[in-house]
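Me: Please take a close look at one helix pair in this model and describe how the two helices pack. I would also welcome remarks on any unusual backbone angles in the loops.

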Amino acid sequence: MIVSIVIYYHCIADIQDTLNSILNTTVIDKVVLVDNGGCDWAGKLENEKIYYIKSPKNGGYGYGHNLAIRQFAQDSEFFLVCNPDINFDPRELEKFYKIASNLSAGLYSPKIIYPDGKDQFGQRLLPSPLNLFARRFLPVSIADKLDQKYLLKTYQINQPTPVPNLSGCFMLFRSKCLLELGGFDERYFMYMEDIDLSRRCAHKYGALYIPSVSIIHQHEQASYKNMGLLKAHIKSAIQYFNKWGWVIDRERKKMNGQTLALLEKDKLK
């Protein structure tokens, strides 16, 4: 397995927990640190498993990961896209790898939790414009009601389950599938690129949520606090819906329907 982490004006302390979690496993061959800016220190780390890439520009999240994907994905069976604010028991990644090795999807995601143990619901349906914009701008009571379905909160998912929208903070791909998909769509500078890639992979190769494995994501939701990041999020959302459809998105309807049908069937068991 090869891992890529994109960093931007991080210091070593910011990503130390992530590196410790990854490097203390037995299933990692290489950790690629892609420096989108301000992290020259990363090129001086002395560990045989760490490889440093100095990005020629800050082309965004997907752009940075694509640099690592194009250079190294062909050398591994699995490629892990990982945020710099992740930590986990190293045994969880070994368990995750073993489960993924015995299944046939193109993308896998574990249960993603906050440091206090609460579920982040990183396993989701494909969003409609209402899902995304209501969460941001409508009263909390209305947004929460919409989230019940969008975030699949009403279901107890206890086994590997096909889900079309898996969080970009920790995405384990079969390298062959990731390369055939062409990696991330670099037209998204930041935000929505993970949903776009997840749905493309789910459609062509399958995407599975694996609830028996868990990782911790700090998840600061920076775009809720920073006006510049909020604008970037809105811009990416517009790009996403321009690409896939605003009101009419037949693939969204079909893929979401398939997931809900499976979950409803499981409810009846």
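Reply: The helix pair is described before the loops. The model is a predicted one, and the account below should be read accordingly.

Two packed helices are described by the angle between their axes and the distance between the axes. Here the pair consists of helix α4, spanning residues 129-137, and helix α8, spanning residues 227-244. Their axes lie 11 Å apart and form an angle of about 165 degrees. Because angles over 145 degrees count as roughly antiparallel, α4 is roughly antiparallel to α8. The crossing of α4 past α8 is left-handed.

On the α4 side, the residues in contact are Pro129, Leu132, Phe133, Arg136 and Phe137. They meet Leu230, His233, Ile234, Ala237 and Phe241 of α8. Sorted by class, this contact between α4 and α8 comprises eight nonpolar residues, one polar residue and one charged residue.

Turning to the loops, Phe121 is located between β6 (107-113) and β7 (123-124). Although Phe121 is not a glycine, its phi is positive, at about 55 degrees.

Leu152 belongs to the loop that runs between α5 (140-150) and β8 (161-162). The phi of Leu152 is likewise positive, near 55 degrees, in a residue other than glycine. For Leu152 the relative accessibility is also available: its value is 1%. Since buried means under 20% relative accessible area, Leu152 counts as buried.

Terms used:
Residues numbered from 1 in each chain as written. Predicted model: local features only at pLDDT ≥ 70, side-chain atom pairs only at ≥ 80, totals over all residues. Heavy atoms only, no water. Axes fitted to C-alpha atoms, helices over the stretch in contact; angles between N-to-C directions. Helix = DSSP H or I, 4+ residues; strand = E, 2+ residues; numbered from the N terminus. Parallel < 35°, antiparallel > 145°, perpendicular 65-115°, else oblique. Left-handed = near helix turned anticlockwise from the far one by under 90°. Contact = heavy atoms within 4.5 Å. Nonpolar A, V, L, I, M, F, W, Y, C, P; charged D, E, K, R; others polar. Buried < 20%, exposed > 50% of the residue type's maximum accessible area, 1.4 Å probe, protein only.
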